[in-house]
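Dear colleague,

I am handing over the structure we spoke about, and my notes on what was found in it follow directly below. Please read them with the coordinates open beside you.

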Amino acid sequence: MGITVRHLKKRFGDFAALEDVSLDFPAGELVALIGPSGCGKTTLLRVIAGLEQADAGQVVLHGRDVASVGARDRQVGFVFQHYALFRHMTVFENVAFGLRVKPRRERPAETAIRARVDKLLGLVQLDWLAHRYPAELSGGQRQRIALARALAVEPKVLLLDEPFGALDAKVRKELRAWLRRLHDELHVSTIFVTHDQEEALDVADRIVVLNRGRVEQAGSPQAVYDRPASAFVYAFLGAANRLSGTVANGGFVADGTAAPIAVAADFAGRAHAYVRPHDLLLEPMSGARCDGIAVDVRRVVPLGGSVRIELASRTGDALEAQVDRVAWRALALEAGDRAFAVPRAVRVFPAGDAA
């Protein structure tokens with residue numbers, strides 16, 4: 001059994017943070033909650049933890065309805081973005097804190113506490129810092145200590161709210177790989193909030209995309225990325241180009257072009273087509289091909305082994321293509337040149353769907 005939420009609703013004045021949210025989080029999974037600011041992801045995390053009370057709905061943790069159970073008794077570990085370590089305590093004392101403040105009848109013996117803290121510090125690879133204070137640690141080290149402290153009380157659920165948000169990009173990448181390895185070793189049911197789509201795709205077993213207090217889509221990272229359920233999900237999860245046009249007879253015709261692009265669509269009429277930058281092929285305008293979208297090359301940005309090309313269509317759409325360095329040299333295009341952009345792997349949605 002894992003975590004189940006049913007028909008959760010939460011308002012702050014006139015603002016609806018959660019609107020009838022129902023989700024299942026299987027035991028042992030690492031699930032990422034993603035979405036724009038104000039979409040409800042942190043509120044959902046806090047309701048599960050018992051730090052916020054829902055206006056309506058149900059939270060079930062491992063088969064137990066916890067509506068009347070306080071945060072302290074839910075067996076939930078919570079890690080915040082800004083560590084929340086006690087500055088006057090050593091690393092060892094910070095990790096031991098949750099065990100030492102347990103009621104006397106539940107508190108382990110001091111020898112057991114020391115053994116558990118030593119084991120956790122070894123697990124997060126920071127046992128050599130046991131007698132240091134938080135101010136003497138790097139940001140990445142402090143966050144690992146915060147995770148060790150949350151794990152010390154042996155929670156059934158681990159909740160992480162933007163755990164790496166305050167760290168620089170290199171440390172974030174190192175820590176998300178470390179978190180994945182740690183989860184694979186411990187198998188604690190884990191839900192983490194992130195605004196970083198790449199982080200969610202890289203770390204999570206499953207992704208939940210929230211928007212305006214509602215669930216837009218939930219599924220494996222690959223399924224959500226490859227088969228987005230809405231224009232919003234497509235545009236939010238990774239870089240995307242949007243083309244305006246019309247769907248008719250199984251084809252999408254972008255504004256300003258005549259050649260249709262074959263698409264899978266169960267509707268006709270005005271539409272928006274979405275295509276990833278790596279699925280937007282470029283052809284020199286001097287070439288034989290002329291069935292693409294006429295574009296101007298505005299800017300070329302080398303990115304290590306790939307090149308990002310910023311484009312502008314004749315109808316004013318800003319587009320972006322991405323190719324490897326070898327393909328870019330073969331194209332022999334420069335800023336100011338004209339070319340054809342040929343979309344592949346296109347997804348279309350009715351023009352009324354908000355992205």
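Which elements each supply at least two residues of the lining of the largest pocket? In this predicted model, they are β6, α2 (91-100) and α4 (139-152), and the largest share, 4 residues, comes from β6. The space in this pocket amounts to about 870 Å³, and its lining is made up of 25 residues, of which Ala71, Arg72, Val76, Gly98 and Val153 lie nearest the centre. Sorted by class, that lining has 16 nonpolar, 3 polar and 6 charged residues.

Strand β6 (residues 76-79) deserves a closer look, since both of its faces are covered: Val76 and Phe78 are buried on one side, as are Gly77 and Val79 on the other. As background, side chains in a regular strand alternate between the two faces of the sheet. The partner of β6 is strand β7 (residues 157-161), with which β6 pairs in the parallel sense over 4 bridges, and within that pairing Gly77 stands opposite Leu158.

The second largest pocket has a volume of about 200 Å³. Here α3 (110-123) and α5 (169-186) each supply at least two lining residues, with α3 giving the largest share, 4 residues. Among the residues of this lining are Arg116, Lys119, Glu154 and Glu185, and by class the lining has 6 nonpolar, no polar and 4 charged residues.

Turning to charged contacts, the structure holds 19 salt bridges, of which I describe a few. In one of them, Glu110 meets Arg100 with the closest N and O atoms 2.5 Å apart; because Glu110 lies in helix α3 and Arg100 in helix α2, this pair ties together parts that are 10 residues apart in sequence. Glu110 counts as partly exposed at 35% relative accessibility, and Arg100 likewise counts as partly exposed, at 30%.

A further salt bridge joins the side chains of Arg180 and Asp205 (3.0 Å, N to O). Arg180 lies in helix α5 and Asp205 in the loop between α6 (197-203) and β9 (206-211), so that this pair ties together parts 25 residues apart in sequence. Arg180 counts as buried, at 18% relative accessibility, whereas Asp205, at 31%, counts as partly exposed.

Finally, Asp296 forms a salt bridge with Arg314, the closest N and O atoms being 3.8 Å apart. Asp296 belongs to strand β16 (residues 293-303) and Arg314 to the loop between β17 (306-313) and β18 (318-324), and the two are 18 residues apart. In addition, Arg299, Arg308, Glu310 and Glu320 are joined into one network by salt bridges that share partners.

With best regards

Definitions and conventions
Residues are numbered from 1 along each chain as its sequence is written. This is a predicted model: local features need pLDDT of at least 70, side-chain atom pairs count only at pLDDT 80 or more; totals for chains, interfaces and linings use all residues. Side-chain values use heavy atoms; hydrogens and water are left out. Buried means under 20% relative accessible area, exposed over 50%, partly exposed in between (1.4 Å probe, protein chains only). Two strands pair if DSSP finds at least two bridges between them. On a 1 Å grid over the protein atoms alone, a cavity is a set of points where a 1.4 Å probe fits but cannot get out, and a pocket is an open set with protein on both sides within 12 Å along at least five of seven lines; lining residues have an atom within 4 Å of a point. Grid points are joined across faces, edges and corners, and a volume is the space filled by probe spheres set on the points. Ala, Val, Leu, Ile, Met, Phe, Trp, Tyr, Cys and Pro count as nonpolar, Asp, Glu, Lys and Arg as charged, and the others, Gly among them, as polar. A salt bridge is a side-chain nitrogen of Lys or Arg within 4 Å of a carboxyl oxygen of Asp or Glu.
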